[in-house]
Amino acid sequence: MLRVVVLGAAAGGGVPQWNCGCAICKASRSDQPQLQSTQASIAISADGDHWFLVNASPDLRQQITATRQLHPRAESLRHSPIAGVILTNSEVDAVTGLLSLREGWPFTIYAHPRVLAILKDNSIFNVLNPKNVRRQPIAIDATFEPTLPDGSPSGIEVLPFAVAGKGAWYLEGHAHPAGDHGAGDDGTGDTLGLRIADKASGKYFYFLAACAQATPELKSRIKGAPLVFFDGTVWRDDELIAAGLGTKTGQGMGHISMSGEQGAIAALADLELGQKIFLHINNSNPVWLRGSKERAIAEGAGWQIPADGTEIVL
């Protein structure tokens, strides 16, 4: 049985963003606190006792506190059910939470060599003592099974695959720490999607928190999936510019829009998907607002906007 908990559904900054006075952030601080959401991450488990995080958001400590499945055993002085963290990219909102796991509990970080090179290049991540925290490279289109702290199999099978996207913004204009090693310098490996399956039951789902384009290859890959978490960063490509909140388009940040002929809702409409859940939703995105026309369009097309703590069992 595969269990999934949505730890957070928002994009970088969360809802509300600390310095944002947009309509959504204002509402979340006052009369609509249900809009509040931490930054995107999920937790997965095949046995209900050991959990793996997919990405480690800056809000991880808060998310662990709010999620009973991730609490230490009551009878233990020191314990965590978190057995590993699988990173799909190296953006700030995917890796910063690792620093909240520095107090000496064993787990493994699974990431593409390009992402691991960034962690190695930044000495602050050395607070994760290698005696406790192993860094395991993963390869594109090569299935792996994350292990439990004692080395035993987890019962979860993960297949990473490349998707259209961009490297971390803080590396723009700088040489990538991976150099010409691993995947080379074409950016392959900077943004991954994951197919996550329970080996015992065969149940599976897809996780794509960042995606710049729904290519024919991607659509063929996920067609018929019972559950898909998909990039929901912006409603329209020029959203941040039109709202006066930024200067970049969604595409410029490596994210597909929800709406439009090339947007996620239209592009994935005929793929016979089961549950369709948007994740990594920016605070500027009007789909957050219940009663908005954008929310109605998304839900009318079968998409869900999850609350933190949502649990799904496959």
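**Exercise 1. Find the salt bridge that Arg73 forms, then say how exposed each partner is.**

Step 1: Arg73 pairs up with Glu75 in a salt bridge, and their closest N and O atoms are 3.6 Å apart. A salt bridge here is a side-chain nitrogen of Lys or Arg within 4 Å of a carboxyl oxygen of Asp or Glu.

Step 2: Check the accessibility. Arg73 is partly exposed at 44% relative accessibility, while Glu75 is exposed at 63%. (Buried means under 20% relative accessible area, exposed over 50%, and partly exposed in between, with a 1.4 Å probe and protein chains only.)

Before you go on, keep in mind that this is a predicted model, where local features need pLDDT of at least 70, side-chain atom pairs count only at pLDDT 80 or more, and totals for chains, interfaces and linings use all residues. Residues are numbered from 1 along each chain as its sequence is written, and side-chain values use heavy atoms, with hydrogens and water left out.

**Exercise 2. Work out which parts of the chain are tied together by Asp190 and Arg114.**

Step 1: Asp190 and Arg114 form a salt bridge, with the closest N and O atoms 3.0 Å apart.

Step 2: Asp190 sits in the loop between β7 (156-162) and β8 (192-198), and Arg114 in helix α4 (residues 113-121), so the pair ties together parts that are 76 residues apart in sequence. (Helices, H or I with at least four residues, and strands, E with at least two, are DSSP runs numbered from the N terminus.)

Step 3: Asp190 counts as buried at 7% relative accessibility, and Arg114 counts as buried at 4%.

**Exercise 3. Describe the salt bridge between Glu145 and Lys199, then look at the whole structure.**

Step 1: The side chains of Glu145 and Lys199 meet at 3.0 Å, N to O. This pair links distant parts of the chain, 54 residues apart: Glu145 is in the loop between β6 (133-137) and β7, and Lys199 is in the loop between β8 and β9 (204-208).

Step 2: Glu145 is partly exposed at 26%, and Lys199 is partly exposed too, at 47%.

Step 3: Zoom out. The whole structure has ten salt bridges, and Asp141, Glu217 and Arg221 are linked in a network of them.

**Exercise 4. Is Ser90 buried or exposed, and which residues does it contact?**

Step 1: Look for Ser90 in the loop between β4 (82-86) and α3 (92-95).

Step 2: Its relative accessible area is 3%, so Ser90 is buried.

Step 3: Skip its neighbours within four places in sequence, and Ser90 is in contact (heavy atoms within 4.5 Å) with Val95, Val115, Ile118, Ala168, Tyr170 and Asp190.

**Exercise 5. Show where the buried residues of helix α8 point.**

Step 1: In α8 (residues 293-300), the buried residues are Glu294, Arg295 and Ala298. Looking down the axis of α8, you see them fall within an arc of 100°, so they line one face of the helix. (The arc is that of the directions from the helix axis to the C-beta atoms.)

Step 2: On the other side of α8, Lys293 and Gly300 are exposed.

Step 3: The buried residues of α8 pack against α7 (264-267) and β12 (303-304). After α8 comes Gly302, with a positive phi near 90°.

**Exercise 6. Hunt down the backbone oddities at Pro16, Glu272 and His280.**

Step 1: Start with the background. Most residues other than glycine have a negative phi, and most peptide bonds are trans.

Step 2: Val15 and Pro16 are joined by a cis peptide bond, with omega about 0°. Pro16 is in the loop between β1 (3-8) and α1 (23-29).

Step 3: Glu272 isn't a glycine, yet it has a positive phi of about 55°. You'll find Glu272 in the loop between α7 and β11 (275-279), and at 63% relative accessibility it counts as exposed.

Step 4: His280 isn't a glycine either, and its phi is positive at about 65°. His280 belongs to the loop between β11 and α8 and is buried, with a relative accessible area of 11%.
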